[in-house]
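Biologist: Could you walk me through reading a protein model, one feature at a time?
Modeller: Sure, let's put it on the screen and go.

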Amino acid sequence: MIKMSNKLMICITISVIACLFCMNLSTLAATSTSPRIAVQLNDDTLVTKDNSLTSVWTTQIGGVEDYQIEGNRIVTKSKDGKLVGKDGASSPWTTLIGGVESFKLEGNRIIAKCSGGKLIAKDGLNGTWITLIGGIDSFDAEGDRIAAKYSDGKLIAKDGINGTWVTLTGGIDTFKLSGNKIVAKDKNGKLMAKDGMYGAWITLAGGIDTFDMQGDRIIAKYPNGKLVGKDGINGTWVTLIGGIDTFQLEGDRIAAKCLDGKLIAKDGLYGTWITLIGGVKSFALNKNIIAAIITDDILVAKDGIQGTWLTLTGNVKNVKLTSITAEIPDPQNENITAFKWPVPGTDTSDITSGFGIRVHPVTKAAGSMHYGIDIAAPEGSDIVAAESGKVVFAESSGSYGNRVIIDHGNNIKTTYNHCSQFLVQVGYQVSKGQVIAKVGSTGRSTGNHLHFEVVKNGSCVNPLDYKYN
Ligand SMILES: [Zn+2]
């Protein structure tokens with residue numbers, strides 16, 4: 001009985017946390033590989049740059065009013081509301097639909113609000129549009145969850161395109177989904193959050209102006225420019241700084257533009273602010289790159305807080321960043337027929353939480369997505385590479401704890417999380433069955449286990465869909 005409840009604890013915590021971060025996998029995986037920068041020029045041409053800050057610009061399309069990039073995908077909206085998309089910078093454009101007012105890319109899903117407030121979604125560029133609801137004002141999507149707000153402030157959400165809409169609350173001004181959490185600000189500036197669709201609303205702060213949440217971290221700005229942050233709904237607010245205009249969260253990093261145009265950044269709630277550059281109009285960051293549009297619409301960027309600023313181009317109206325992982329074709333892996341089981345000495349009977357959507361064990365909320373499998377094993381047990389490949393990530397990564405990602409080529413990657421110890425580094429070529437790390441409980445975890453994921457074409461798939469030997 002005691003053993004059973006311990007195992008249950010592991011799955012509860014890990015599954016919730018794993019889904020917070022899994023959708024960012026392409027970003028995380030790419031930290032050691034390829035940054036992508038997309039820029040809307042003053043003449044509304046979209047240009048992108050892959051691989052490195054110094055690579056050449058590629059002109060993508062003209063007449064752009066809005067655009068988004070996620071992984072390899074680029075989607076743009078023209079002034080007349082036509083949405084076009086492509087997977088890969090050199091692929092042909094696919095016309096997706098017309099009459100769009102706003103849209104969002106979330107994993108493989110494209111969600112769009114059309115004129116009249118009709119919300120539609122489809123999976124993949126060539127998927128079929130499904131009408132979700134009509135008459136809405138704004139929406140957000142995270143993982144499989146979609147939330148929408150009516151103009152009277154009523155907030156609704158559902159899990160999955162085919163899920164049932166649930167009314168969450170009324171009187172909402174702005175809101176955001178982050179992992180399993182829903183954060184909302186009401187019309188009086190009261191900030192509240194809840195854990196899952198059926199959790200209870202908890203009031204976090206009053207009188208705020210704007211907020212953001214990423215992972216477990218919540219940052220809020222007051223109308224006077226004071227920035228506060230906390231980790232977790234039940235965490236304690238920490239005053240970060242005053243005089244802020246806009247801010248952005250990315251992983252552990254907080255970047256902010258001051259009212260005087262100075263761009264500052266720090267790592268962690270308790271880190272030290274570093275002044276990066278002045279004269280900033282707007283900025284963007286991903287895990288490595290910081291980009292800023294400065295005086296005279298010049299785009300500058302640098303690799304990391306300590307990097308050197310490079311001038312990239314002029315006449316820039318807007319900049320967005322994503323990350324893509326360089327594909328390393330590996331002919332020997334053209335047909336993966338069977339993986340090596342990643343924790344020798346264990347088997348499927350040691351899985352404490354499987355892949356997929358399930359009822360949350362504590363809140364009974366439906367639709368909590370678990371993007372991998374949890375394999376219980378004692379601390380220090382060997383973790384082996386499920387297939388040969390190249391290590392593209394090996395560092396601590398928020399709630400994942402110590403995380404290794406191996407690229408096997410052909411758009412297949414595997415990830416190994418909560419490790420106690422790394423035995424490989426980024427760039428290592430590993431063979432199938434090679435010990436790469438040790439089982440642990442780092443990151444958000446209450447017990448020793450491996451959270452193992454298989455990522456195919458950028459999306460997590462069920463590891464048990466593969467054979468093991
Ligand atoms: Zn897990």
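What follows is a tour of the model, feature by feature.

Biologist: Before we start, what kind of model is this, and which residues count towards local features?

Modeller: It's a predicted model, with residues numbered from 1 along each chain as its sequence is written; local features need pLDDT of at least 70, and side-chain atom pairs count only at pLDDT 80 or more, while totals for chains, interfaces and linings use all residues. Side-chain values use heavy atoms, with hydrogens and water left out.

Biologist: How many helices and strands are there?

Modeller: Helices (H or I, at least four residues) and strands (E, at least two) are DSSP runs, numbered from the N terminus. Here you get two helices and 47 strands.

Biologist: And how much of the protein is buried?

Modeller: Buried means under 20% relative accessible area, exposed means over 50%, and partly exposed is in between, using a 1.4 Å probe and protein chains only. By that yardstick, 56% of the 469 residues are buried. For contacts (heavy atoms within 4.5 Å), take the ones between residues at least 6 apart in sequence: 49% of them join residues at least 24 apart.

Biologist: Next, the metal. Which residues coordinate the zinc ion?

Modeller: Donors are N, O and S atoms within 2.8 Å of the metal (3.2 Å for Na, K and Ca), and since water is not among the atoms, sites may look incomplete. The zinc ion has His-370 through NE2, Asp-374 through OD and His-451 through ND1, at 1.9 to 2.2 Å. Along the chain, the donors follow the spacing H-x3-D-x76-H. The two histidines link distant parts of the chain: His-370 belongs to strand 36 (residues 368–370) and His-451 to strand 45 (residues 449–456), 81 residues apart.

Biologist: Are those two histidines buried or exposed?

Modeller: His-370 and His-451 are both buried.

Biologist: Now sheets. What is the strand order in the one that includes strand 8?

Modeller: Strands of a sheet pair through backbone hydrogen bonds, either parallel or antiparallel. The bookkeeping rule is that two strands pair if DSSP finds at least two bridges between them. Your sheet is open, with four strands in the order 8-9-10-11 and antiparallel pairing. Strand 8 (100–106) and strand 11 (130–133) are the edges; each has a single partner strand, so one side of each lacks a neighbour in the sheet. The twist averages 25 degrees from one strand to the next, where axes are lines fitted to C-alpha atoms (for helices over the stretch in contact) and angles run from 0 to 180 degrees between N-to-C directions. Inside, strand 9 (residues 109–114) and strand 10 (residues 119–123) pair over five bridges in the antiparallel sense, and Lys-113 stands opposite Leu-119 in strand 10.

Biologist: What about the sheet with strand 12: which strands stand at its edges?

Modeller: That's an open, antiparallel sheet of four strands in the order 12-13-14-15. Its edges are strand 12 (138–142) and strand 15 (166–169), each with a single partner strand, so one side of each has no neighbour in the sheet. Neighbouring strands are turned by 25 degrees against each other on average, direction ignored. Strand 12 pairs with strand 13 (residues 145–149) over five antiparallel bridges, and Ala-141 has Ile-146 as its bridge partner in strand 13.

Biologist: How many aromatic pairs does the structure hold?

Modeller: A pair of aromatic rings is described by the distance of the centres and the angle of the planes. Rings of Phe, Tyr and Trp (its six-membered ring) pair if their centres lie within 6.5 Å; planes under 30 degrees apart are stacked, over 60 edge-to-face, and the rest tilted. The structure holds four such pairs. One of them is Phe-339 with Tyr-466, tilted, at 4.8 Å centre to centre and 45 degrees between the planes. Phe-339 lies in strand 33 (residues 338–339) and Tyr-466 in the loop between strand 46 (459–461) and strand 47 (467–468), so the pair ties together parts 127 residues apart in sequence. Phe-339 is buried at 0% relative accessible area, and Tyr-466 counts as buried at 16%. Phe-339 also forms a tilted pair with Tyr-468, at 6.0 Å and 40 degrees; Tyr-468 is partly exposed at 22%. Ring pairs link Phe-339, Trp-341, Tyr-466 and Tyr-468 into a cluster.
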